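Hi there,

Here is the structure I promised to pass on. Have a look at it first, and then read on for what turned up.

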Amino acid sequence: MANILAVGIATLDIINTVESYPAEDEEVRALSQRQARGGNATNTLVVLSQLGHHGCWAGVIIDEPDVQLIKQDLASFNIDFSACTVLNSGKMPTSYISLSKESGSRTIVHHRDCPEFSFTDFQKIDLQPFDWVHFEGRNVDETLNMFKWLKQHYPDLPFSLEVEKPRANIESLFDYPHFLMFSQQYALAKGYETASALLQALPTTISASCTWGELGAWAINNANIVSSPAYPPANIVDTLGAGDTFNAGLISALLQQKTIKQALTQACQLAGHKCGQLGFANLING
Ligand code: ADP
């Protein structure tokens with residue numbers, strides 16, 4: 001069992017399942033609605049906890065009614081949120097998600113009135129007990145300071161960075177982490193047509209993965225490219241958070257000193273399994 005800190009956000013997800021995605025100005029009735037905790041870093045922690053690890057979240061908590069559902073969910077996976085910054089005004093980031101039954105697509109409108117977790121607050125965390133730190137690729141300037149701090153004060157502590165969206169100057173973060181986790185969205189936005197094209201364009205010192213939906217995932221280590229197919233479940237039920245699940249599987253396997261090929265396969269198997277169920281609960285034994 002490892003002790004893992006994840007820096008990023010928790011959201012309230014309001015998920016409306018609709019028959020098909022509505023046209024602009026159309027009014028449709030949802031087939032069902034559920035509310036759940038979301039957010040990449042906390043999704044990854046919830047999966048890591050089910051893989052037998054202990055998770056700690058560093059992010060911002062706004063003390064408002066919607067945070068209760070988020071806290072309850074994290075507590076049910078024994079995730080420690082004592083490293084979070086707690087504020088009295090604002091609103092927890094909220095994602096309004098339309099999940100189309102027809103196409104399986106998930107269209108998201110996101111609202112936030114919540115500051116990012118700061119370098120000042122990161123510095124206050126005692127990182128000695130941790131075996132790995134995972135970061136969401138957001139808030140680039142503060143994150144860069146956190147990386148420099150880690151390298152200076154905890155040179156042996158491995159850390160990973162999820163690069164999901166192209167953000168201004170996010171490339172300035174790439175030289176520091178032990179492992180980078182890219183999304184198809186980032187690769188396409190940067191003009192790469194395949195995962196391996198993105199990975200091959202990186203400096204050879206970088207170890208990284210890149211997921212590609214139902215085609216699986218690719219990774220590079222010591223300039224060596226490996227790949228894994230996807231492992232589709234009998235029925236695709238919910239792909240929301242497949243990438244976060246993949247990241248958890250990869251971190252867990254890397255902590256267990258698995259080879260990059262084994263780690264990639266394990267992560268794709270877990271992410272595929274997740275696509276066959278709603279949400280993240282009972283992922284391992286469900
Ligand atoms: P994100 O959730 O960030 O959009 P992807 O869609 O690339 O990420 O998915 C991440 C991983 O989840 C993929 O590498 C794959 O292993 C798995 N996955 C995603 N969609 C499917 C699918 N339809 N069938 C099987 N596995 C999938």
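**Pocket, ligand and cavity**

Let's start with the second largest pocket: 14 residues line it, and Thr17, Leu99, Val237, Asp238 and Leu278 are the ones nearest its centre. Keep in mind as you read that this is a predicted model. The space inside that pocket comes to about 280 Å³.

Which elements give two or more residues to the lining of this pocket? They are strand 2 (11–18), strand 3 (32–38) and strand 7. Strand 3 gives the most, with 3 residues. If you sort the lining of the second largest pocket by class, you get 5 nonpolar, 6 polar and 3 charged residues.

Now for the ligand. There are 15 residues around it, and those that come nearest are Thr211, Gly213, Gly216, Gly243 and Ala271. Three of these names come back when you look at oxygen atoms of the ligand:

- Thr211 uses its side chain: an N or O atom there is 3.0 Å from a ligand oxygen.
- Gly216 has a polar backbone atom 2.9 Å from an oxygen atom of the ligand.
- Gly243 also takes part through its backbone, where an N or O atom lies 2.8 Å from a ligand oxygen.

How much of the ligand does the protein bury? Taken alone, the ligand exposes 560 Å², and the protein buries 85% of that. Two elements to find on your screen are helix 7 (242–255) and helix 8 (260–275), since these are the ones that give two or more residues to the shell around the ligand. Helix 8 gives the most, with 4 residues. By class, the shell around the ligand divides into 9 nonpolar, 5 polar and 1 charged.

Next, the enclosed space. Rolling a probe the size of a water molecule over the atoms shows where empty space is left. How many cavities of 30 Å³ or more does a search of the whole structure find? The search finds 1, and its volume is about 120 Å³. Its lining has 20 residues, and the closest to the centre are Gly8, Ile9, Glu116, Phe117 and Arg138. Strand 4 (54–58), strand 7 (91–100) and helix 4 (140–153) each give two or more residues to that lining. You have already met strand 7 in the lining of the second largest pocket. The cavity lining is made up of 12 nonpolar, 4 polar and 4 charged residues.

Finally, step back and look at the whole chain. You can count 8 helices and 14 strands in it. The C-alpha trace spans about 55 × 45 × 40 Å along its principal axes. Why does the radius of gyration fit a compact globule? With 286 residues, such a globule would have a radius of gyration near 19 Å, and the chain has 18 Å, so the two agree.

Over to you, and have fun with it!

Definitions and conventions. Residues are numbered from 1 along each chain as its sequence is written. This is a predicted model: local features need pLDDT of at least 70, side-chain atom pairs count only at pLDDT 80 or more; totals for chains, interfaces and linings use all residues. Side-chain values use heavy atoms; hydrogens and water are left out. On a 1 Å grid over the protein atoms alone, a cavity is a set of points where a 1.4 Å probe fits but cannot get out, and a pocket is an open set with protein on both sides within 12 Å along at least five of seven lines; lining residues have an atom within 4 Å of a point. Grid points are joined across faces, edges and corners, and a volume is the space filled by probe spheres set on the points. Ala, Val, Leu, Ile, Met, Phe, Trp, Tyr, Cys and Pro count as nonpolar, Asp, Glu, Lys and Arg as charged, and the others, Gly among them, as polar. A residue is near a molecule or strand if one of its heavy atoms lies within 4 Å of it. A polar contact is a pair of N or O atoms within 3.5 Å; within protein, one must be able to donate a hydrogen and the other to accept it, and residues adjacent in sequence count only if both atoms are side-chain atoms. Accessible areas come from the Shrake-Rupley method with a 1.4 Å probe; for residues, only the protein chains shown count as cover. The radius of gyration is taken over C-alpha atoms; the globule rule is 2.2 Å times the number of residues to the power 0.38.
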